[in-house]
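Student: I'm new to this structure and would love a close look at one part of its interior. Could you walk me through it?

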Amino acid sequence: GGQQARRIRQKAVLNMAELTLLTPTEPRNYTDFYASVHHAQNVGAMFRPDNALLPNYKHVPIGYHGRASSVIASGTPVARPKGQTRPDEQAPPVFGPCKRLDYELEVGCVIGAGNDLGLPVSIADAHELIFGLCLVNDWSARDIQAWEYQPLGPFLSKNFATSISPMIVTRDVIDALRVPGSARGEGDPSPLAYLTPGADAAGPGHGLNLSLEVLIRSAKMREAGLPAMRVSIGSFREMYWTFAQMIAHHASGGCPLQAGDLIASGTVSGPEAESRGCLLERTWAGNGPDGKPLPRAALKLPSGEERTFLGDGDEVILRGRGEAKVLGGTVRVSLGQCRGEVVKAETR
C-alpha cells in the first residue's frame, strides 16, 4: 500500500545535502579555452588598453593545457594559493598568499570517444566526441597571473584548483538545447575551413541555449542566515567559439584526445556588466571615455561587506540550466551546481 511505498522510498532515497559528491570523471588531461570574446576584450582592455583584443583571437580558438591533478569535486574546500607577485613595480617580487583570488564561470565538455595520435578530427565529426557537459570553476589567482603570464601564459595562477560539478549531462540531452550560435560581427573574419561548421542550424559548431549564474555567500552571511547573493548571470549562446570548434582545433595538429578528458570553455561573459563571469571583470567598471580603465567598483554584499576579489570563507556557487521545445512541450535541463568555499592559505 501507500505506507509501504513511502517506507521503501525513505530507505532508498537519500538527501543530496547529506552526501559527499565525487568528481564524475578523473580526467587524464584538462584544457581550458578562452572562447568568450566579451571576456577576452574586457581582460585585454585591463592589461593592454591600446591593444585589447590580440589579432589572432578571431581566427583561432585560444587555450592552454591545465593541470588534471587539481581538478576537484564540487564542495571541496579551496585553499588560498601562495605564489610570487609584484605588487610594487619599483620593488622586487614577493612570495605569499594570493590577494586577488577569483572564480571563473565556465562550462566543461567531457570527451567520450577520442582520436588517435596524428589523426585530426573534422568539424563535422567533432560533436560526436562529446560525452556530455558539466559546470567548471577555474579558480584564478589574478595577482600571480599578472606577474607570470608573459611570455608563456597561465601556470601557478591556475593549477591549484579547478572545481567541477558532480554530474555530467549527456550529449543526447544537451542536443535538445542546440541553437544557432552568436552572429559574428561586421568585418569579422570567417573561420578557416577546418573550423567552419555546416549550414544546418542543428549541426555541429552551433550554440547552446544555456543560462548560467554565479552566487556568493560569505562566512558572515552564513552566520546571519542570509542566502547566497547572485552576482552575475550569462548565456552560453554568447560564446564566440563553440565546443565543436574547440575540439576540431585541439586535434587539428594530431593531438590525441582521450576518453574522460575535460575541455573547459573559458569564462562565460556577455556584453553587460551583470553578465561578466568573474570578479576581475565584474568589479571593474569598464572603459572610460578616454579608453582607460575606471576604478574598481566593489560588490556590496547583503551583510554590509564589500568584495573586489574573494575573501576567506566566501562560498562560490555556479548554476546552469536551459529550456528546449521537444514534441510541442518544454523540456527543462539542469547542469546542477558547482560550489567551493575559500579557506585560508596553507601554513606549511
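Tutor: Let's begin with Phe236, which counts as buried because its relative accessibility is 4%, under the 20% cut-off. Keep in mind that this is a predicted model. Along the chain, you will find Phe236 in the loop between strand 16 (229–235) and helix 7. Now look at what surrounds this side chain. Setting aside residues up to four places away in sequence, Phe236 touches Val107, Leu208, Leu210, Leu212, Phe243, Ser265 and Val268. Gly320 is 84 residues from Phe236 along the chain, yet their C-alpha atoms are separated by 9.5 Å.

Let's step back to the wider setting. Phe236 is among the residues with the most contacts inside the largest nonpolar core, a set of 65 residues; the others named there are Leu133, Phe243, Ile247 and Leu310. Helix 7 (residues 243–251) gives the most to this core, contributing six residues. Helix 7 is also mostly covered, with eight of its nine residues buried. Those buried residues include Phe243 and Ile247, along with Gln245 and His250.

What do the buried residues of helix 7 pack against? Their partners are strand 1 (30–33), strand 2 (63–65), strand 8 (105–111), helix 3 (123–126), strand 9 (130–137) and strand 17 (262–264). Ile247 makes a good example to follow: leaving out residues up to four places away in sequence, Ile247 touches Cys109, Ile111, Ala126, Leu129, Ile130, Leu257 and Ile263. Finally, there is a second, separate core of nine residues, including Ala68, Cys134, Val136 and Ala264.

Definitions and conventions: Residues are numbered from 1 along each chain as its sequence is written. This is a predicted model: local features need pLDDT of at least 70, side-chain atom pairs count only at pLDDT 80 or more; totals for chains, interfaces and linings use all residues. Side-chain values use heavy atoms; hydrogens and water are left out. A nonpolar core is a set of buried Ala, Val, Leu, Ile, Met, Phe, Trp, Tyr and Cys residues joined through side-chain atoms within 4.5 Å. Buried means under 20% relative accessible area, exposed over 50%, partly exposed in between (1.4 Å probe, protein chains only). Helices (H or I, at least four residues) and strands (E, at least two) are DSSP runs, numbered from the N terminus. Contact means heavy atoms within 4.5 Å.
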